[in-house]
Amino acid sequence: MLKKHMKKIKKTAKSITKKRAEVSVKKIIQEEKRPIPAALSEEEEQLIVKGPKGKLPSLLRGMKDVLPKDWPHWKKIYHTAEGIAEAYGFGYLETPVLEEASLFIRSIGRGTDIIDKEMYVFEDRDGTRVGMRPEFTAGAVRAYISHGMHTLPQPVKLWSFGQLFRHDRPQAGRYRQLHQFNCESFGAHDPAVDAELIVVAYNFLRDLGIETTVQMNSIGTPEDRQNYLVELTGYLRIKRSYLCEDCKKRITRNPLRALDCKNESCRPTLEEAPQIVDWLSEASKNYFMKVLEFLDELEAPYTLKPTLVRGLDYYTETVFEIYEDSVVEGQQSALCGGGRYDLLVGELGGPPTPACGFALGVERVMTILRRKAEENKDKVEKPVGGVFFAHLGEQARRRTLKMIEDLRRDGVVLHHSLGKTALKAQLELADKFGVAYTLILGQKEVQDGTIIIRDMESGIQEIVDQKKLKSELEKKTRV
Ligand code: AMP
């Protein structure tokens, strides 16, 4: 009877296995038939067919990995940004990396490097032309309008932190994936707002130990600029032969942008150019003076820079850039740039709303922090704090995971290596992590309900009850 039963069970099991095998074979055949996405090149298709043993795709030019050793600096930059933005009443805004390309083209404007040469634009699978955000302002304006933020008490102050993409020529301080700390203030045409933003950026850098100076200019309203542009274009035409090829094109396309040219050969000519401050209306001049008075009051050091125009279409009146003090004049790149853009919200379809903002380059700040750490031999890279959990024997290894989980939930930062069995190897690793204490759990401790706490500096070990471990660690790690 039993034999008959067993036979039946075996037969059923065999048929289930057979059916399952048939299903998986069918699935594999289907998957093999599935066309490889059209966007892949022939070479990539070959790599997929042949398996993963091909050439390792290299890191794209201008892109960088953020490695664990860099993370302490990144964390410091992010937390300083968060602290200062929140202290000044900015709310966090996260906009998507992808937006309709037209948002950026309409905001930033044709004739700018960002739009003409640098923005990553492509057709999405549904045919939409999308752009990877090259800056934050356009997205922030879109969000302000689409979420009806004009109905909130003004000014609406927003900060963002994240990646941007520009197909720039990679060089020191210039990447194709860059990060910015960005602040925008919508809804107030008030010199105090411009000054507040400048001071947020200035204080952020000062809190990170970076001494800077703000360069200031006003480019007035579009009406102020009309006559000035005639004058400037005339001047550039006369001096055409002294200008670079890009600036020659800018004479007709965007003459103001020529003033912002980074080409050294153009500098002397541009420095002699008519200055926009001489063409400002009384109202724009007064506005600018008030911004400067606020900066005096706030003790933020600044200089006036008549050729500073920021190059983008949307700026009106105040424009500024921030530079590190200790870098030789002429060799430096700006850490931060910003200005007022009173017309952009209206131009993008929102209610007329004055606005002002800045963008601060995280990679450039990182470079300075790394340099300073190097100068001070103050290596921040070493992980600070934390406890290492070492185990001895199979029984202890099994118990370790549960204990680690409990400690983690209690907020203890833990390192461990369950793969290593020798205590010596585990203690060596604990040393490399730079922890102050290592917990050692052996077979005896598992049975007794105890654990050893080893002081890594003195080597002194003490046995404590597992139930008291948390409070013991708190006592030891309290400063
Ligand atoms: P912008 O948005 O061009 O006004 O730039 C604002 C700040 O972002 C600059 O002052 C730089 O600190 C930083 N930045 C701009 N372009 C790049 C880039 N390609 N790579 C790294 N940082 C950049």
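Which two side chains are joined by a polar contact of 3.5 Å? They are the side chains of Thr 137 and Tyr 314, and I will come back to that pair in a few minutes, once we have looked at the ligand. Before anything else, please keep in mind that what you see above is a predicted model.

Let me begin, then, with the ligand and what surrounds it. There are 14 residues around the ligand, and those that come nearest are Arg 166, Tyr 175, Gln 180, Arg 310 and Ala 334. If we sort the shell by class, we find six nonpolar residues, three polar ones and five charged ones. As for where the shell comes from, strand E6, which covers 177-186, supplies at least two of its residues, and strand E11, covering 355-361, likewise supplies at least two.

I would also like you to look at the backbone here, at three residues in a row. For Ala 334, a backbone N or O atom lies 3.0 Å from an oxygen atom of the ligand. For Leu 335, a polar backbone atom is also found 3.0 Å from a ligand oxygen, and for Cys 336 the distance between a backbone N or O atom and an oxygen atom of the ligand is 3.3 Å. How much of the ligand does the protein bury? Taken alone, the ligand exposes 480 Å², and the protein buries 90% of that area.

Staying with strand E11 for a moment, Gly 361 lies in that strand, and this glycine counts as buried because its relative accessible area is 15%, which falls under the 20% cut-off. Although Gly 361 and Arg 174 are 187 residues apart along the chain, their C-alpha atoms are separated by 9.7 Å.

Now back to the opening pair. Thr 137 lies in helix H6, and with a relative accessible area of 7% this threonine is buried. Besides the contact with Tyr 314, the side chain of Thr 137 makes a polar contact of 2.8 Å with the side chain of Glu 184.

If we follow the chain onward from helix H6, we come to the loop between that helix, residues 137-146, and strand E5, residues 156-165, and Pro 155 is found in this loop. The bond between Gln 154 and Pro 155 is a cis peptide bond, with omega at about 0°. The loop between H6 and E5 also holds Thr 151, which counts as exposed at 64% relative accessibility, and a polar atom of the Thr 151 side chain lies 2.7 Å from the backbone oxygen of Gly 148.

That cis bond brings me to backbone geometry in general. Most peptide bonds are trans, and most residues other than glycine have a negative phi. Two glutamates are worth setting side by side here. Glu 299 has a positive phi, near 55°, and Glu 317 has a positive phi of about 55°. Are these two glutamates buried or exposed? Glu 299, which sits in the loop between helix H12 (282-297) and strand E8 (302-304), counts as exposed because its relative accessibility is 67%, over the cut-off of 50%. Glu 317, in the loop between E8 and strand E9 (318-324), counts as buried, since its relative accessibility is 5%.

Let me finish further along the chain, with strand E12 and helix H15. His 391 is found in strand E12, which runs over residues 387-391, and at 2% relative accessibility this histidine counts as buried. The C-alpha atoms of His 391 and Ile 451 are separated by 10.0 Å, while the two residues are 60 residues apart along the chain.

Helix H15, residues 394-409, has 16 residues, and from its first C-alpha to its last it reaches 24 Å, which is close to the 22 Å expected at 1.5 Å a residue. Where is the kink in H15 centred? The kink, of about 30°, is centred on Thr 400, and Thr 400 is also one of the buried residues of this helix, together with Ala 396, Met 403, Ile 404 and Leu 407.

To close, I would leave you with two places to look at again in the model, namely the backbone of Ala 334 beside a ligand oxygen, and Thr 137 with its side-chain contact to Glu 184.

Conventions. Residues are numbered from 1 along each chain as its sequence is written. This is a predicted model: local features need pLDDT of at least 70, side-chain atom pairs count only at pLDDT 80 or more; totals for chains, interfaces and linings use all residues. Side-chain values use heavy atoms; hydrogens and water are left out. A residue is near a molecule or strand if one of its heavy atoms lies within 4 Å of it. A polar contact is a pair of N or O atoms within 3.5 Å; within protein, one must be able to donate a hydrogen and the other to accept it, and residues adjacent in sequence count only if both atoms are side-chain atoms. Accessible areas come from the Shrake-Rupley method with a 1.4 Å probe; for residues, only the protein chains shown count as cover. Helices (H or I, at least four residues) and strands (E, at least two) are DSSP runs, numbered from the N terminus. Ala, Val, Leu, Ile, Met, Phe, Trp, Tyr, Cys and Pro count as nonpolar, Asp, Glu, Lys and Arg as charged, and the others, Gly among them, as polar. The expected span of a helix is 1.5 Å times one less than its number of residues. The bend at a residue is the angle between axes fitted to the seven residues ending there and the seven starting there. Buried means under 20% relative accessible area, exposed over 50%, partly exposed in between (1.4 Å probe, protein chains only).
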